[in-house]
Amino acid sequence: MDNLLFTLNAILPIILPILLGYFLARIKFFKDGFLPELNKLVFKIMIPVLLFSNLYTADLSEIDWGFCGLCAAAIVLLFFVGLLIVILFIKDPKQKGVILQASFRSNYAIIGVPLATLLGGATAAAQASVVAAITVPIFNVLAVVSLSLFSDDPTKRPSVKSILINIIKNPLIIGVAAGLLVCCIGLGIDQLTGYTGTINAIVNGTDPDRFVDLSFIGTTVEYIARCATPLALIVLGGKFEFGAVRKLWKQLTLSVTLRLVITPAIFLVVFYFLGYQSSTEFAILIALFATPIAVSSAPMAAEMGQDEELAGQIVVWTSALSAITLFVIILICSGIGIFA
């Protein structure tokens, strides 16, 4: 019973806001054009602030950089495995890149980081944000490569320069980079001045010996960060569209199975036997490998001339069915003592 309650407490705070968004959209609560604008606010401001908030107070000495590197390597490996699968089993060139994305690209920023925080606490939140700094650029680069490989239109193939510019301009990358920068500056000032507190404690108003009270900064960041996850999930639910899937059922079955079953099953087991068995590490692994495909994969596919309908359906069905697969995965992990 304790394992079941733990699993419900971990997954329902993610699922219920999505269901709320879906319900509100169905009763026409949102005006036309509202959800896209709210999504823009969440993606460009709130999620970056959340990632910043997770990092600027972090103790970087506690980050397992080797683990972060292995996560990045696993994503690249997934890309090549997925590439082999779509070459062998998918005939339509416009569907190959779309399905390839499902093999490696998860919704790590919107669903993954909050889920890792729920499962592993503050320590997992900090490390999950560092993993985001490494994996989000990889996701974006490999997504562009995936959709470009099978494009028959040279104008849809971006240059290396444009890819790099898009990565640098990505709000998620900016949020992570800013958090790491402030954290490093704080550590540097502490070492240079011999100050016994921390710069972050001053900003957060938790240092009793602070010489200046700047807690309004930490409070503002915290307020915005708190709004990020629930709003992002409500928007995700509000954009759900359960269209006809009869003609795409084979492609959807392959994509959903890759994203929600095969990928997490293989990599969670591999990392477990490599010795990564703590609640912090497994919280991040579940967030990285078991969450649905990123919502942005659909508009990116449309922009690059690929199968937009299939891409949208993969987003919908991986998001919907992840409620079941995540529940099962977390329940098993809790049962074997990882989240004891």
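This passage looks at one helix, the nonpolar cores and a buried serine in a predicted model.

Helix α13 is a good place to start. It covers residues 308–335, and at 1.5 Å a residue its 28 residues ought to span 40 Å; the end C-alpha atoms do sit 40 Å apart, so expectation and model agree. There is still a bend along the way: α13 has a kink of about 40°, centred on S322. At the start of the helix, D307 puts a side-chain oxygen within 3.2 Å of the backbone nitrogen of E309. At the other end, just after α13, G337 adopts a positive phi of about 95°.

Next come the cores. The largest nonpolar core holds 95 residues, and the members that touch the most others are I47, Y108, I286 and F289. Helix α5, residues 108–149, supplies the largest share of this core, with 20 residues. A second core lies apart from it and has seven residues, among them L24, L35, L38 and I234. Back in the largest core, Y108 has a long list of partners: leaving out residues up to four places away in sequence, it touches V113, A128, V131, A132, T135, F139, I284, A287, L288 and T291.

Helix α5 is also home to S148. With a relative accessible area of 13%, S148 falls under the 20% cut-off and therefore counts as buried. What does the polar end of its side chain find there? A polar side-chain atom of S148 lies 2.7 Å from the backbone oxygen of V144.

Note on methods. Residues are numbered from 1 along each chain as its sequence is written. This is a predicted model: local features need pLDDT of at least 70, side-chain atom pairs count only at pLDDT 80 or more; totals for chains, interfaces and linings use all residues. Side-chain values use heavy atoms; hydrogens and water are left out. Helices (H or I, at least four residues) and strands (E, at least two) are DSSP runs, numbered from the N terminus. The expected span of a helix is 1.5 Å times one less than its number of residues. The bend at a residue is the angle between axes fitted to the seven residues ending there and the seven starting there. A polar contact is a pair of N or O atoms within 3.5 Å; within protein, one must be able to donate a hydrogen and the other to accept it, and residues adjacent in sequence count only if both atoms are side-chain atoms. A nonpolar core is a set of buried Ala, Val, Leu, Ile, Met, Phe, Trp, Tyr and Cys residues joined through side-chain atoms within 4.5 Å. Buried means under 20% relative accessible area, exposed over 50%, partly exposed in between (1.4 Å probe, protein chains only). Contact means heavy atoms within 4.5 Å.
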